[in-house]
Amino acid sequence: MASTDKKLKFTYNAPVTLTFALVALVALIIGEFTGGKSTELLFSVYRSPFSVFGVLRLFLHVLGHSGIAHYTGNMMLFILLGPMIEEKYGSLNFLEMIGIVAVISGVINIVFFPGTVLLGASGVVFMMMILVSASDLKEGEIPITMIIVIIMYLGTEIVNMIFQKDNISQLTHIIGGILGAVFGYLYNVKKIAKK
């Protein structure tokens, strides 16, 4: 008689999501041990990218966080949404999207806010929120859920950018959200075209 007991096993179900969260945690821990020097050197954008470390920072600043609250605030949504995005769009496409959001938000920060430090995954998280809401996007249709998410999240960020003075880069959130809408449209149209 065969045993019906199945052993539970852990699966690395979303490699980009899990690796990103783990590397960001390691960056945070190293940053704590170095008194923020490693975060300043590698995981934040704040000046010209025309150096070896400057180019790296354009990609790596999304892994840097100012503290555990900043990290967990971003990673809760990142880990929640990431597996859905990897399943729908593929891990490599998701990694490419993260890289594009990182570079564009980093360059815009350097151009328009030189000397202002930018770090954290919130722009990527906003991209992910819009991208998930665009998962039902079809040619000639716009999901109402996507419109509601855009109004709620990006509308709030625009209002906050105008009326609040804080250390949060609402522009990075807006850039991430816009890129999420663009990626959702482009990747869904490509998928429709292949059918």
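At roughly what angle do the axes of H4 and H6 cross? The close-ups below answer this and explore other parts of this predicted model.

**View 1. Helix H4 meets helix H6.** The answer to our opening question is roughly 45 degrees, and the axes of H4 and H6 come within 9 Å. Angles from 35 to 65 degrees are neither roughly parallel nor roughly perpendicular, so H4 is oblique to H6. The crossing in which H4 passes H6 is left-handed. On the H4 side, look for Asn74, Leu77, Phe78, Leu81, Gly82, Ile85 and Tyr89; their partners in H6 are Ser122, Val124, Val125, Met128, Met129, Leu131 and Val132.

**View 2. Helix H1 runs alongside helix H4.** Here you can find H1, residues 15-33, and H4, residues 68-89. Their axes cross at roughly 165 degrees and come within 8 Å. Over 145 degrees counts as roughly antiparallel, which is why H1 is described as roughly antiparallel to H4. This time the crossing is right-handed. H1 makes the contact through residues including Pro15, Phe20, Leu25 and Leu28, while H4 offers Tyr71, Met75, Phe78 and Glu86 among others.

**View 3. Helix H5 packs with helix H6.** H5 covers residues 91-112 and H6 covers residues 122-133. With axes 9 Å apart, these two helices pack at an angle of about 130 degrees, and they are therefore oblique to each other. H5 and H6 make a right-handed crossing. Try to spot Phe94, Met97, Ile98 and Val101 in H5, which meet Gly123, Val124, Met127, Met128 and Leu131 in H6.

**View 4. A nonpolar patch sits on the surface.** Four residues build this patch: Tyr12, Leu22, Val26 and Ile30. Together they have about 380 Å² of accessible area. To get your bearings, start from Leu22, which is found in helix H1.

How values were computed:
Residues are numbered from 1 along each chain as its sequence is written. This is a predicted model: local features need pLDDT of at least 70, side-chain atom pairs count only at pLDDT 80 or more; totals for chains, interfaces and linings use all residues. Side-chain values use heavy atoms; hydrogens and water are left out. Patches are made of residues with over 30% relative accessible area and no salt bridge: like charges are joined within 9 Å, nonpolar side chains (Val, Leu, Ile, Met, Phe, Trp, Tyr) within 5 Å. Accessible areas come from the Shrake-Rupley method with a 1.4 Å probe; for residues, only the protein chains shown count as cover. A salt bridge is a side-chain nitrogen of Lys or Arg within 4 Å of a carboxyl oxygen of Asp or Glu. Helices (H or I, at least four residues) and strands (E, at least two) are DSSP runs, numbered from the N terminus. Axes are lines fitted to C-alpha atoms, for helices over the stretch in contact, and angles run from 0 to 180 degrees between N-to-C directions. Angles under 35 degrees count as roughly parallel, over 145 as roughly antiparallel, 65 to 115 as roughly perpendicular and the rest as oblique. A crossing is left-handed if the near helix is turned anticlockwise from the far one by less than a right angle, and right-handed if clockwise. Contact means heavy atoms within 4.5 Å.
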